[in-house]
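Let's take a walk through a protein together, one stop at a time. Keep the picture open while you read, and find each spot as we get to it.

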Amino acid sequence: MSNQESHNSLSADVVVIGGGGAGLAAAIEAAAAGRNILLLEKEAKLGGMTARSVGSITSSSTDLQKLAGIVDSPQQHYEDMPLFAGPLASRDNLELRRLLTENVPETVAWLQRLGVVFFGPMPEPPHRVPRMHNILPSSKSYIYYLSKEAARLGVKILLNARARKLTMADNRVTGVDALIDGRAVHIAANMSVILAAGDYSSGSEFKEKHLPENIRDIEGVNTSSTGDGQRLGEEAGGEIINGDVVLGPEIRFVAPPSKKFIERIPPTRLLAHAMRLSLKILPSFLLRPFFMMFVTTNLAPSHRLFAEGAILINRSGKRFADEQDKPQFEIPRQPEKVAFIVFDQAVAKKFAKWPYYISTAPGLAYAYLGDYKRNRRDIYHQADTIPSLARALGVSEGALTRTITEHNQSAAGAKMPLLEPPFYALGPAKSWIVIADGGLKVDRDLRVLDRDGKPISGLYAAGSTGQGGLLLEGHGHHLGWAFTSGRIAGKHAASCGSTTTQFQESKRDV
């Protein structure tokens with residue numbers, strides 16, 4: 001898509017800021033209500049964190065659950081969500097948690113109607129039943145189908161379009177001042193503006209204000225997540241809730257150095273259905289090499305590797321942290337801010353099958369060591385001796401040999417020596433803040449609230465920007481909230497702020 005506008009001013013009924021999952025969902029629902037929609041995306045392409053995600057959505061009461069004979073309900077999902085939150089559970093926004101769990105089943109069905117294909121559901125304790133729905137072939141399918149639907153409905157999308165300021169009159173948001181391809185443009189919003197610009201995991205000012213000192217300088221996995229929506233909302237009188245809650249720092253492998261040929265294949269429904277059928281009729285050993293071709297995101301290694309004996313080394317070949325005591329905080333202090341996970345054959349044998357997985361993975365749910373050997377050769381290293389492993393990693397042979405020797409001599413109790421060849425390493429890996437969960441305070445209609453709890457007329461927020469204190473721990477909840485909150489915000493923003501619009505088309509039997 002290219003920007004064709006040459007005017008100094010534009011107008012639309014609803015202006016959406018952000019072209020990820022939440023923004024596209026909001027634009028689609030507002031356009032489906034018959035409104036004229038303009039979406040601004042500051043990057044040169046759509047996607048946001050949605051395109052970078054593993055791609056799972058966690059939901060109850062879906063067709064796939066029912067086909068699998070799983071009895072579940074939004075109420076049970078609601079009850080299980082705080083089990084992931086630990087000591088943070090008391091800070092959750094219960095109203096928004098209810099909103100998510102009651103509406104995400106219809107969101108999954110809506111995505112399927114648009115063309116998105118899931119398989120599963122997969123288990124993820126402490127969920128009492130399998131709820132994790134995994135997308136096929138990859139998370140790029142979301143943007144592929146949402147952008148097609150937005151185009152069909154006539155949504156105008158402007159790329160390289162950065163929102164700078166909201167304009168207001170008579171205590172109502174009336175438009176957006178933006179830079180579009182470097183030109184200053186004012187966009188009048190006849191009805192409303194929806195902020196769906198993601199989180200602030202790469203926003204230095206927000207991190208300085210809200211995050212603990214020991215993680216403020218840790219990079220965000222998405223450099224575009226600078227908190228633009230939160231800033232605009234605060235300037236209009238809004239308030240950020242749970243600003244100190246983040247997903248991370250989290251250890252993640254670096255992305256592949258070059259784009260794979262497989263990524264150029266459109267993530268069509270035909271391909272996804274073929275993959276899902278293959279899952280049912282073909283043996284796993286034939287499928288996994290093909291499915292792993294789609295693993296192009298920054299995947300997070302399981303910390304269970306460390307519990308089973310793996311250690312971390314830096315570029316100097318030295319062990320630098322207790323791997324079972326928050327090593328993700330130490331990696332950013334190492335040379336080049338990277339580390340390698342080193343282990344022996346005894347550990348490798350375990351991480352070849354469930355429940356010992358290396359990471360979650362799109363299309364697979366879980367990826368094991370063999371998957372990395374076949375499809376992530378850039379971060380997979382194997383050698384018969386420690387010196388040869390050091391050469392493969394480009395670290396000092398002497399330093400790595402001393403590190404392993406010292407580790408083996410001190411190994412006792414929970415520490416296990418690395419003795420059985422061959423030896424392995426995965427990396428480089430970095431430590432990133434994945435998502436900052438601080439979002440603007442919103443009500444059930446996703447209207448942005450001011451510091452007194454009153455709606456700011458004409459202003460809505462969705463996704464991470466409108467998270468409003470909702471805790472989204474566990475896989476699949478951030479994406480579920482992105483699409484669900486975007487849909488709700490879009491419907492209400494297109495109805496002049498009326499609270500009478502019903503998001504759910506019908507009551508679900510639960």
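Before we start, one bit of vocabulary: two strands count as paired if DSSP finds at least two bridges between them. Also keep in mind that what you're looking at is a predicted model.

With that in hand, head for strand β18, which covers residues 423-432. Which strands does β18 pair with? One of them is β12 (residues 250-253), which is joined to β18 by four bridges and runs antiparallel to it. If you want to see a specific match, look for Ile251, which stands opposite Ser431 of β18. Another partner is β14, made of residues 339-344, and here five bridges do the joining, again with the strands antiparallel. In this pairing, Ala339 has Ala429 of β18 as its bridge partner. Then there's β17 (residues 380-383), which also pairs with β18 in the antiparallel sense, over four bridges. Here you can find Tyr380 opposite Leu426 of β18.

Is β18 mostly covered or mostly open? It's mostly covered: 10 of its 10 residues are buried. While you're looking at strands, here's a handy general point: in a regular strand, side chains alternate between the two faces of the sheet.

Next stop: a helix. Helix α8 spans residues 228-235 and is mostly covered too, with six of its eight residues buried. Those buried residues are Asp228, Gly229, Gln230, Leu232, Gly233 and Glu234. When you trace a helix, it helps to know that an α-helix has 3.6 residues a turn, so residues three or four places apart point the same way. Keep following the chain just past α8 and you'll meet Gly237, which takes a positive phi of about 110°.

Now let's hunt for rings. The model has 11 aromatic pairs. One of them is Tyr142 with Phe483, a tilted pair with 4.9 Å from centre to centre and 45° between the planes. This pair brings together distant parts of the chain: Tyr142 belongs to helix α6 (residues 140-152) and Phe483 to helix α16 (residues 477-493), 341 residues apart. Are these two rings buried or exposed? Tyr142 has a relative accessible area of 0%, so it counts as buried. Phe483 also comes out at 0%, so it is buried as well. A further pair is Phe351 with Tyr356, this time edge-to-face, with 5.5 Å between centres and 70° between planes. Phe351 is buried, at 1% relative accessible area. Back at Tyr142 and Phe483, add Phe118 to the view, and you have one aromatic cluster.

Rings can have charged neighbours, too. Take Tyr78: Arg98 has its charged end over this ring, 3.7 Å from the centre. Arg97 lies over the face of Tyr78 as well, at 4.4 Å from the ring centre.

Our last stop is Asp72, in the loop between α3 (63-67) and α4 (74-80). Why does Asp72 count as buried? Its relative accessibility is 9%, and buried means under 20%, so Asp72 falls in that group. What does its side chain touch? There's a polar contact of 2.9 Å with the side chain of Gln65, and another of 2.6 Å that joins Asp72 to the side chain of Arg131. Leaving aside neighbours within four places in sequence, the residues in contact with Asp72 are Ser60, Ser61, Gln65, Val129 and Arg131.

Terms used
Residues are numbered from 1 along each chain as its sequence is written. This is a predicted model: local features need pLDDT of at least 70, side-chain atom pairs count only at pLDDT 80 or more; totals for chains, interfaces and linings use all residues. Side-chain values use heavy atoms; hydrogens and water are left out. Buried means under 20% relative accessible area, exposed over 50%, partly exposed in between (1.4 Å probe, protein chains only). Helices (H or I, at least four residues) and strands (E, at least two) are DSSP runs, numbered from the N terminus. Rings of Phe, Tyr and Trp (its six-membered ring) pair if their centres lie within 6.5 Å; planes under 30 degrees apart count as stacked, over 60 as edge-to-face and the rest as tilted. A charge sits over a ring if NZ of Lys or CZ of Arg is within 6 Å of the ring centre and within 35 degrees of the ring normal. A polar contact is a pair of N or O atoms within 3.5 Å; within protein, one must be able to donate a hydrogen and the other to accept it, and residues adjacent in sequence count only if both atoms are side-chain atoms. Contact means heavy atoms within 4.5 Å.
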